[in-house]
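Reader: I'd like to learn how to read the packing features of a model like this one. Could you walk me through it, starting with the aromatic rings?

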Amino acid sequence: MDIVVMTTEDVVSFGLRLVGFGKERQNVGRKLLHDRFLAFYGPDPRSVKDLLFDLKEEFNDTSFADVMMTLNWAKRYDVEHVLAGRWGYGEKYIGAKIKEIAKRIQSFFEKMIVFDPDLFDDREIHIISVDTFNCTTEEMRQTPSTAFFDHKSNSCGLKYEAALPIRHALPVWLKGPHMAGDKHDKTVFCGGTQETAKADRDQSELYFKIPPKKKGVGDSAYEGMADIMLVRREGHSKETTNFINAAL
């Protein structure tokens, strides 16, 4: 199959065939097909179609099956023996190929996720929504620590910080990983705790990237920084509350 000309429907159909839903089992509603696809691969089919196109354009030897296998691993986090049964490859091939494809996907990071202050209009005050998310992982055998504990999943995890522009299409910030239980969201954002002088904080963190007279929007974790963050609180007007809800 030619990745370049694949439609979103092709991605769903061929992707599901690879994980056991043959053509005869796809005679169901579109929502069920969509839900099955998300359960095995994670991203929306439209995003996967765009990713496949970009990978093929940058790396001509990109294989549809190899990319889908990598997404399946990232979503389900199965060990190589399980993947070997599902995908029909040997464990050594799977391990090497997933690393290769994952590195190719990662290579787009610096091109696509860029915090450019010139992106924002002078009239914009609240420019980004900020939050962290945790990714569940296996226990760290070589560096075990309670700091990896993720209270959201009651398991081991890693924390990432992300920022999306409120009025523009592409993400502008993604940084991590941090140990899930090691730092509060505000500490990650500020590059240090409240007790740490600004001059001694990590100047590469998001707090120091937001231009003067601009603000981000966040949840209650970012309380206490009214000069740079707008958070939901009692007493806000309905208009402000609706704006915050939409931004988050």
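Author: Sure. Rings count as a pair when their centres lie within 6.5 Å, and by this rule there are ten aromatic pairs. Keep in mind that this is a predicted model.

Reader: How do the rings of Phe 189 and Tyr 207 sit relative to each other?

Author: Planes over 60 degrees apart count as edge-to-face. The planes of Phe 189 and Tyr 207 are at 85 degrees, with the ring centres 5.9 Å apart, so this pair is edge-to-face. Phe 189 belongs to helix α8 (residues 185-190) and Tyr 207 to the loop between α8 and β5 (215-218), so the pair ties together parts 18 residues apart in sequence.

Reader: Are those two rings' residues buried or exposed?

Author: Buried means under 20% relative accessible area. Phe 189 has 0% relative accessibility, so Phe 189 counts as buried. Tyr 207 is buried too, with a relative accessible area of 9%.

Reader: And what about Phe 189 with Tyr 222?

Author: Read that pair by the angle again: the planes are at 80 degrees and the centres 5.6 Å apart, so Phe 189 and Tyr 222 are edge-to-face. This pair links distant parts of the chain, with Phe 189 in helix α8 and Tyr 222 in the loop between β5 and β6 (229-231), 33 residues apart. Both Phe 189 and Tyr 222 are buried. Put together, Phe 189, Tyr 207, Phe 208 and Tyr 222 form one aromatic cluster.

Reader: Let's move to the helices. At what angle do α2 and α4 pack?

Author: For an angle, 65 to 115 degrees counts as roughly perpendicular. Helix α2 (residues 30-41) and helix α4 (residues 64-76) pack at about 80 degrees, with axes 6 Å apart, and they are therefore roughly perpendicular to each other. On the α2 side you'll find Phe 37, Leu 38, Ala 39, Phe 40 and Tyr 41, which meet Met 68, Leu 71, Asn 72, Lys 75 and Arg 76 of α4. By class, that contact has seven nonpolar, one polar and two charged residues.

Reader: Which residues make the contact of α1 with α4?

Author: Geometry before residues: helix α1 (residues 8-18) packs on α4 at about 70 degrees, with the axes 11 Å apart. The two are therefore roughly perpendicular to each other. Val 11, Phe 14, Gly 15 and Leu 18 of α1 make the contact with Phe 64, Ala 65 and Met 68 of α4. The classes here are six nonpolar, one polar and no charged. While you're looking at Phe 14, check its ring face: Arg 17 lies over it, at 4.7 Å from the ring centre.

Reader: What about backbone oddities? Where is the cis peptide bond?

Author: Look at omega. The peptide bond joining Gly 176 and Pro 177 is cis, with omega of about 5 degrees, and Pro 177 sits in strand β4.

Reader: Which residues other than glycine have a positive phi?

Author: Tyr 77 is one of them, with a phi of about 60 degrees. Tyr 77 is in the loop between α4 and α5 (80-87) and is partly exposed, with a relative accessible area of 37%. Lys 213 also has a positive phi, near 70 degrees. Lys 213 is in the loop between α8 and β5, and is exposed at 79% relative accessible area.

Technical notes
Residues numbered from 1 in each chain as written. Predicted model: local features only at pLDDT ≥ 70, side-chain atom pairs only at ≥ 80, totals over all residues. Heavy atoms only, no water. Axes fitted to C-alpha atoms, helices over the stretch in contact; angles between N-to-C directions. Helix = DSSP H or I, 4+ residues; strand = E, 2+ residues; numbered from the N terminus. Parallel < 35°, antiparallel > 145°, perpendicular 65-115°, else oblique. Contact = heavy atoms within 4.5 Å. Nonpolar A, V, L, I, M, F, W, Y, C, P; charged D, E, K, R; others polar. Phe/Tyr/Trp six-rings, centres within 6.5 Å; stacked < 30°, edge-to-face > 60°. Buried < 20%, exposed > 50% of the residue type's maximum accessible area, 1.4 Å probe, protein only. Lys NZ or Arg CZ within 6 Å of the ring centre and 35° of its normal.
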